Amino acid sequence: SSSSSSNSNSNLNSKLNPKPIDPKYWPERFPAKGDCSRCGLCETSFVKHVSTSCAFLNDGMKRIDDLEQVLHGRRRGFSNSNNNSINDYDEHGGGDGDGD
């Protein structure tokens, strides 16, 4: 009985404190498999947050799209080829337009 109790505690501990995934096992052991961009999250102790942080799992891209509007005040304009990212670059030579 103590053996099964010890085994249960070990399983619980590994779920609460998952170990980083060794990068040599990419992509087969990574949660997003072939969609993984190798951002590095799974290779750190923060791997326990991957289900809510990875853009390629669950509703990750929808969360990112929704957060762009909140964080940047707008979404990317994919219909305009000059606006496929959000940054401080302006059309007249770079920078954020403040002269620096």
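How exposed is Arg-63, by relative accessible area? Arg-63 is partly exposed, at 25%. Here, buried means under 20% relative accessible area and exposed means over 50%, with partly exposed in between (1.4 Å probe, protein chains only).

The model is predicted: local features need pLDDT of at least 70, side-chain atom pairs count only at pLDDT 80 or more, and totals for chains, interfaces and linings use all residues. Residues are numbered from 1 along each chain as its sequence is written, and side-chain values use heavy atoms, with hydrogens and water left out.

**Figure 1. The whole protein has three helices and zero strands.** Along the sequence, the pattern reads α-α-α. Helices (H or I, at least four residues) and strands (E, at least two) are DSSP runs, numbered from the N terminus. The protein has 100 residues, and buried residues make up 14% of them. Its accessible surface comes to about 7900 Å². Carbon and sulfur atoms hold 49% of that surface. Accessible areas come from the Shrake-Rupley method with a 1.4 Å probe; for residues, only the protein chains shown count as cover. Among contacts with a separation of 6 or more, 15% join residues 24 or more positions apart. A contact means heavy atoms within 4.5 Å.

**Figure 2. Helix α3 spans residues 60-72.** This helix has 13 residues. From first C-alpha to last, helix α3 reaches 18 Å, close to the 18 Å expected at 1.5 Å a residue. The expected span is 1.5 Å times one less than the number of residues. Gly-73 comes just after α3 and takes a positive phi of about 80°.

**Figure 3. A nonpolar patch on the surface is formed by Leu-67, Val-70 and Leu-71.** Together these residues have about 330 Å² of accessible area. Val-70 sits in helix α3. Val-70 is exposed, with a relative accessible area of 63%. Patches are made of residues with over 30% relative accessible area and no salt bridge; like charges are joined within 9 Å, and nonpolar side chains (Val, Leu, Ile, Met, Phe, Trp, Tyr) within 5 Å.

**Figure 4. Asp-66 and Lys-62 form a salt bridge.** Their closest N and O atoms are 2.8 Å apart. A salt bridge is a side-chain nitrogen of Lys or Arg within 4 Å of a carboxyl oxygen of Asp or Glu. Why are Asp-66 and Lys-62 separated by about one helical turn? Because they are four residues apart in helix α3. An α-helix has 3.6 residues a turn, so residues three or four places apart point the same way. Asp-66 is partly exposed at 32% relative accessibility. Lys-62 counts as exposed, at 51%.

**Figure 5. Arg-63 pairs with Asp-59 in a salt bridge, and Arg-38 with Glu-43 in another.** The structure holds three salt bridges. For Arg-63 and Asp-59, the closest N and O atoms are 2.8 Å apart. Asp-59 is partly exposed, with a relative accessible area of 42%. For Arg-38 and Glu-43, the closest N and O atoms are 3.6 Å apart. Arg-38 is partly exposed at 39% relative accessibility. Glu-43 is also partly exposed, at 28%. Side chains of opposite charge can pair when their charged atoms come close.

**Figure 6. Cys-39 and Cys-42 are shown in a structure with zero disulfides.** A disulfide is counted as a pair of cysteine sulfur atoms within 2.5 Å. The cysteine sulfur closest to that of Cys-39 is in Cys-42, 6.4 Å away and too far for a bond. Cys-42 is in no disulfide; its nearest cysteine sulfur, that of Cys-36, is 5.9 Å away. Is Cys-42 buried or exposed? Cys-42 is buried, with a relative accessible area of 9%. Cys-39 counts as exposed, at 64% relative accessibility.

**Figure 7. Cys-54 lies in the loop between α2 and α3.** Cys-54 is buried, with a relative accessible area of 14%. Not counting residues up to four places away in sequence, Cys-54 touches Ala-32, Gly-60 and Arg-63. Cys-54 and Cys-39 are 15 residues apart in sequence. In space, their C-alpha atoms are 9.0 Å apart.

**Figure 8. Lys-48 lies in the loop between α1 (2-16) and α2 (50-53).** Lys-48 is partly exposed, with a relative accessible area of 45%. Lys-19 is 29 residues from Lys-48 along the chain. The C-alpha atoms of Lys-48 and Lys-19 are separated by 8.2 Å.
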